Amino acid sequence: MKNAPIAVDFIQNLPQSSNPRIVIIGGGFAGLKLARKLAHKPYQIVLLDKNNYHQFQPLFYQVATSGLEPSAISFPLRKIFHKTSNVHFRMAEALSVDSTAQILFTSVGKISYDYLVIAAGADTNYFGIENIRKNAIPMKSVSEALYIRNRIIANYEEALNTLTDDAAEEMMNVVIVGGGPTGVELAGALAEMKKSVLPKDYPELNFDLMEVYLIEASSQLLNGMSEASSEKAKEYLTRLGVNVMTKAQVVDYDGQKVSFKNHAPIFTKTLLWAAGIKANHLEGLEEASYTKGGRLITDRFNRVSSYQNIFALGDVAYMSTEKYPNGHPQVAQVAIQQAKNLADNLLLWRKNNDVSSGEKFVYKDLGSMATVGRKLAVVDLPIIHFNGFFAWITWLFIHLMAIVGVKNKVFIFLDWAWNYLSFDPSLRLLIRPRKVKQEEVSELLEPIKNPS
Ligand SMILES: Cc1cc2nc3c(=O)[nH]c(=O)nc-3n(C[C@H](O)[C@H](O)[C@H](O)COP(=O)(O)OP(=O)(O)OC[C@H]3O[C@@H](n4cnc5c(N)ncnc54)[C@H](O)[C@@H]3O)c2cc1C
C-alpha cells in the first residue's frame with residue numbers, strides 16, 4: 001500500500017446509514033468471509049479491493065500449467081453482494097490511514113470509518129535480492145499465474161527456433177524455488193506436462209533436454225506438514241522426474257543463470273519464485289505495530305496493537321498464542337476462522353455496546369494437504385496422515401467445495417474430468433494483452449486529471 005494519497009475527495013455514492021461503518025481492505029479469504037458474515041446485519045460494510053474479483057490462490061498453479069482458465073478460479077465480488085443492501089463494494093487500492101481522524105485514503109478517494117479491518121493479504125518476498133525481484137516470476141495473483149502460462153508456452157515456441165542444445169535447454173528448463181505446497185504442486189504439474197503434453201505439441205524438440213528443478217533451502221519439502229508427507233512428496237516428485245534439491249540456497253538470478261551458495265549454477269529462462277511472502281503494508285500505522293514479515297501485531301481479538309478500532313486478519317495478522325508463539329500459519333483456514341470470530345465479536349459489541357467482551361480467537365487446525373500430480377497427493381489430518389489416490393480424491397473434493405460460485409465448481413469439475421480422461425489440458429493458448437500506446441493512456445487519464 002503506497003504513500004501519499006492522490007484522490008482527496010470522499011468516495012461518492014455511499015448511502016447514509018445510521019449504523020456504524022466497517023471498512024474492510026481486501027476481498028480475499030478473510031475480507032470476503034467477514035463481509036458475508038455481516039451481510040444483513042446492523043453495520044454498513046464497505047469492502048475495498050484493488051481487483052473487482054476474489055481469487056482462489058490454491059489453484060493458481062493449475063492456471064500456470066494450462067489446467068484451468070483464470071475465470072474458473074476468480075469470482076466477481078459485486079455478484080456476491082447482489083442482494084445485500086448493507087454491503088458496498090469499491091474497486092480501490094488502500095493507500096494510507098489517518099487513525100486519529102478515522103479516515104482511510106484510497107486510490108478513488110478517502111473514506112471515514114468506525115472500524116477498519118485490514119485483510120490485504122501478502123505479496124512475494126524476494127528477501128532483498130534485487131536481481132531475483134527483477135528476473136524471477138512470482139505467483140501471487142491470477143494475472144501472474146497467467147503470465148507464467150504465457151511465458152512457458154512462449155519459451156517452447158522460441159526453443160523450436162534455437163540452433164544449439166544449450167540454448168534450447170535454457171528455454172525448456174524450469175526452476176522453481178520454494179518447496180512449500182505451491183512449489184511442490186507446480187513442479188509436479190510441470191513434470192506431468194513434460195511427460196504427456198509438451199512432446200505432443202512440440203514433436204521436433206528433444207525433451208531429454210528439459211529438466212524441472214525444485215529448490216528448497218531447508219532440509220525438507222512441505223515444512224509444516226508431517227515428516228511422512230514431506231518424504232512421500234519428495235518420493236512422488238522424484239518418480240515424476242523432478243530434480244528435488246534440498247539444502248540449496250539461491251543467491252542470484254540474472255535472467256539466465258541461477259546461482260547458488262552451495263551448488264553449481266543452473267541455466268534457465270524461467271525461474272518461478274515461491275520461496276516467501278511478506279504482508280502488504282498500509283502507510284500511517286505506528287512502526288511498533290509491525291513485526292517480522294511486515295505483519296501487524298494483534299491481540300486475541302485481532303485488534304491491531306495500539307489501536308481500539310483497527311483490526312487485522314489472515315496473512316497480514318500476527319497473533320502470538322501459546323500454541324502458535326510465532327504467529328499462525330499464513331493459510332486460508334486461519335484467515336477464514338479469524339474473520340468468523342471477528343464477525344461474531346462485532347455483532348456482540350453492537351448488541352452490548354461494550355467492546356471489552358467477546359471471544360478470543362482459537363485456531364482449529366483442520367489439517368493440510370498438497371497434491372503432487374495425477375492420483376498423487378499427501379494429506380495430514382489432525383489424527384491421521386495418508387497419501388496416494390485417496391489423498392488425491394480428498395484434495396480434489398476439498399478444493400472443489402471451497403471454490404466460490406456454482407458455475408466455477410461445475411467448470412472446474414468438467415476441466416478436471418476432461419484432463420483426467422484425456423491426459424491433455426487444452427488451455428495452452430498464448431493470449432497476450434495488446435500493448436497500450438502512450439496516447440491511449442493519456443486519453444484514459446484525461447477525465448481524471450481535468451474533471452469538467
Ligand atoms: C500460489 C498460492 C497457493 C496457496 N495454496 C494454499 C493452500 O493450498 N491452502 C491454504 O490454506 N493456503 C494456501 N495459500 C495461502 C492462502 O491463499 C492465504 O493464506 C490466504 O489467501 C490469506 O487470506 P487473506 O484474506 O489474508 O489474503 P488474500 O486472500 O490474499 O486476500 C487479500 C486481498 O486483498 C487485496 N488487496 C491487497 N492489497 C490491497 C490494497 N492495498 N487495497 C485493496 N485491496 C488490496 C488483494 O487483491 C486480495 O484480494 C496459497 C497462496 C498462494 C499464493
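**Salt bridges, a pocket and a greasy patch**

Okay, let's start with Glu130, which counts as partly exposed at 42% relative accessibility. Before I go on, keep in mind that this is a predicted model.

So, who does Glu130 pair with? Its partner is Arg133, and the two make a salt bridge in which the closest N and O atoms are 2.7 Å apart. Arg133 is partly exposed as well, at 43% relative accessibility. Both residues are in helix α4, which runs from 130 to 135, and because they are three residues apart there, about one helical turn separates them.

How many salt bridges does the structure hold? There are six. Let me take you through some others.

Lys37 bridges to Asp344, with 4.0 Å between the closest N and O atoms. This pair ties together distant parts of the chain: Lys37 belongs to helix α1 (residues 29-37), Asp344 belongs to helix α10 (residues 332-352), and the two positions lie 307 residues apart in numbering terms. On accessibility, Lys37 comes out at 32%, so we call it partly exposed. Asp344 gets the label partly exposed too, at 43%.

Then there's Arg303 with Asp299, where the closest N and O atoms sit 3.3 Å apart. Is Arg303 buried or exposed? It's buried, because its relative accessibility is 10% and the cut-off for buried is under 20%. Asp299, on the other hand, has a relative accessible area of 28%, so that one is partly exposed.

And to finish the salt bridges, Lys232, Glu235 and Arg239 are linked in a network of them.

Right, on to the pockets. I'll talk about the second largest pocket, which holds about 700 Å³ of space. It has 29 lining residues, and the ones closest to its centre are Glu192, Arg374, Trp392, Asn419 and Tyr420. Which elements build the lining? Well, α2 (60-64), α7 (181-196), β23 (368-373), α11 (389-402) and α12 (406-422) each put in at least two residues. The largest share comes from α7, with seven residues. If you're wondering about the chemistry in there, the lining splits into 16 nonpolar, eight polar and five charged residues.

Now hold on to α12, since we need that helix again. There's a nonpolar patch on the surface made of Val406, Val410, Phe411, Phe413 and Leu414, and together they have about 520 Å² of accessible area. Leu414 from that patch is in helix α12. Its relative accessible area is 53%, so Leu414 counts as exposed, the cut-off for that being over 50%.

Last topic: backbone oddities. Two residues to look at here. Asn13 has a positive phi of about 65 degrees, even though it isn't a glycine. You'll find Asn13 in the segment before β1 (21-25). It has 72% relative accessibility, so it's exposed.

The other one is Lys247. What is its phi? Near 50 degrees, so to speak a positive value in a non-glycine residue. Lys247 sits in the loop between β14 (243-245) and β15 (250-253). With 56% relative accessibility, Lys247 is in the exposed class.

So, to wrap up: six salt bridges, a second largest pocket of about 700 Å³, a nonpolar patch that includes Leu414, and positive phi values at Asn13 and Lys247. That's it from me. Happy to go back to any of these on the screen.

Notes: Residues numbered from 1 in each chain as written. Predicted model: local features only at pLDDT ≥ 70, side-chain atom pairs only at ≥ 80, totals over all residues. Heavy atoms only, no water. 1 Å grid on protein atoms, 1.4 Å probe; cavity = no way out; pocket = protein on both sides within 12 Å on 5 of 7 lines; lining within 4 Å. Points joined across faces, edges and corners; volume = space filled by probe spheres on them. Helix = DSSP H or I, 4+ residues; strand = E, 2+ residues; numbered from the N terminus. Nonpolar A, V, L, I, M, F, W, Y, C, P; charged D, E, K, R; others polar. Patch = residues over 30% accessible without salt bridge, like charges linked within 9 Å, V, L, I, M, F, W, Y side chains within 5 Å. Areas by Shrake-Rupley, 256 points an atom, 1.4 Å probe, with all protein chains shown as cover. Salt bridge = Lys/Arg side-chain N within 4 Å of Asp/Glu carboxyl O. Buried < 20%, exposed > 50% of the residue type's maximum accessible area, 1.4 Å probe, protein only.
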